[in-house]
Amino acid sequence: MSEINKEFNKLKHIKTPFNKAAFYFGNIVLKTLEDIYFKDDEIHVNKIVLRNGKMKLTIYLLIPHQRLELSPLLFYVHGGAFVYKGSKEHILEARLLAKKLKIIVAYIDYRLAYNSPFEASRHDVFHAYTYLIEHAFDLNLDKDKFYMMGDSAGGYLILMALFDINIHEINIPQKVVLSYPVINPNPREDFDDDNYLLWNKKNNYKMWKLYKKGRTIDNPLLIDYSFLKDVYLQCGQNDFLIQENKKFYELLLKEKVAVNFEIIKDAPHGFNQLFLESKISYEAFEKRIEFLKK
């Protein structure tokens with residue numbers, strides 16, 4: 001394990017609480033503040049609510065005032081261990097992406113694993129993508145210029161959506177950005193040397209157990225992703241998920257996918273959401289912007 005960059009020193013003893021009481025009360029706070037976080041003088045927010053029985057799926061379209069009339073779309077899926085709503089930093093990042101790229105960003109507020117049916121979040125992400133493709137003309141979106149971005153658990157949901165999109169022969173996004181995605185749904189129950197900032201092996205194991213609900217789920221390391229066009233993968237050097245990220249990178253190389261893997265020196269898991277204003281986080285953010293602009 002490398003040393004954590006000193007920018008994160010004040011956060012060294014933070015561990016993500018992982019129990020149903022924390023999920024419940026944490027998400028109440030995040031939901032209460034959500035509308036405040038979305039406010040931006042340079043962006044109009046179009047809130048789309050899709051319902052099907054008890055299912056409620058919300059898509060926030062962040063529409064910058066300065067944009068092309070027929071806009072590309074960045075499809076953004078936040079992390080949060082499948083159990084937490086997007087944080088202030090997730091929403092801030094989505095706003096910055098919309099303004100810097102001058103394109104529409106779709107922020108997906110999917111159902112959470114602790115109080116929803118099996119793989120509800122996976123179905124929500126796929127449903128949101130297909131809805132936006134089908135309504136691209138009405139929403140002034142260029143469906144030939146769709147991009148996807150996800151971090152941590154959001155990265156896994158992106159990978160599952162891509163798998164489902166390919167099977168159903170729907171438009172494959174032109175570019176995919178994955179920040180420290182969780183990849184392997186079958187981690188070992190091995191908690192030795194577990195002094196990781198924010199997210200550790202024990203919580204990772206509990207997360208997958210809760211998400212899977214005793215069932216077998218798809219493993220990205222066993223899926224053929226040769227249909228992908230252009231992928232940018234980032235992971236912190238101090239993130240224990242770096243090994244499964246490396247394996248996924250090697251898989252894409254073997255399948256001859258155009259992929260770039262960048263290891264962010266001395267950065268922990270979730271560095272963007274820990275402290276987006278840090279030098280490390282912002283430089284990593286700018287590299288994602290650069291990739292999407294190419």
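In which helix is the place of Tyr24? In the predicted model examined here, Tyr24 belongs to helix 1, which spans residues 20-38. Together with Phe25 and Ile28, Tyr24 makes a nonpolar surface patch of about 330 Å². The relative accessible area of Tyr24 is 47%, and the residue is therefore classed as partly exposed, since this class lies between the limits of 20% and 50%. A value of 47% also satisfies the requirement of over 30% relative accessible area that applies to members of such a patch.

The strands of the model are arranged in an open sheet of eight, with the order 1-2-4-3-5-6-7-8 and mixed pairing. Strand 1 (43-52) and strand 8 (258-264) form the edges, each being paired on one side only. From one strand to the next, the twist averages 20°. Within this sheet, a parallel pairing over four bridges joins strand 6 (residues 175-179) to strand 7 (residues 230-236). Ser179 is located opposite Gln234 of strand 7.

Helices are also found in contact with the strands. Helix 3, comprising residues 120-134, packs on the sheet and touches strand 1, strand 2 (55-64), strand 3 (71-77), strand 4 (104-109) and strand 5 (141-151). The direction of helix 3 makes about 50° with that of strand 2. Helix 4, formed by residues 153-167, lies across strand 3, strand 5 and strand 6. Relative to strand 5, helix 4 runs at about 140°. Strand 3 and strand 5 are thus listed among the contacts of helix 3 and also among the strands that helix 4 lies across.

Note on methods
Residues are numbered from 1 along each chain as its sequence is written. This is a predicted model: local features need pLDDT of at least 70, side-chain atom pairs count only at pLDDT 80 or more; totals for chains, interfaces and linings use all residues. Side-chain values use heavy atoms; hydrogens and water are left out. Two strands pair if DSSP finds at least two bridges between them. Helices (H or I, at least four residues) and strands (E, at least two) are DSSP runs, numbered from the N terminus. Axes are lines fitted to C-alpha atoms, for helices over the stretch in contact, and angles run from 0 to 180 degrees between N-to-C directions. Contact means heavy atoms within 4.5 Å. Patches are made of residues with over 30% relative accessible area and no salt bridge: like charges are joined within 9 Å, nonpolar side chains (Val, Leu, Ile, Met, Phe, Trp, Tyr) within 5 Å. Accessible areas come from the Shrake-Rupley method with a 1.4 Å probe; for residues, only the protein chains shown count as cover. A salt bridge is a side-chain nitrogen of Lys or Arg within 4 Å of a carboxyl oxygen of Asp or Glu. Buried means under 20% relative accessible area, exposed over 50%, partly exposed in between (1.4 Å probe, protein chains only).
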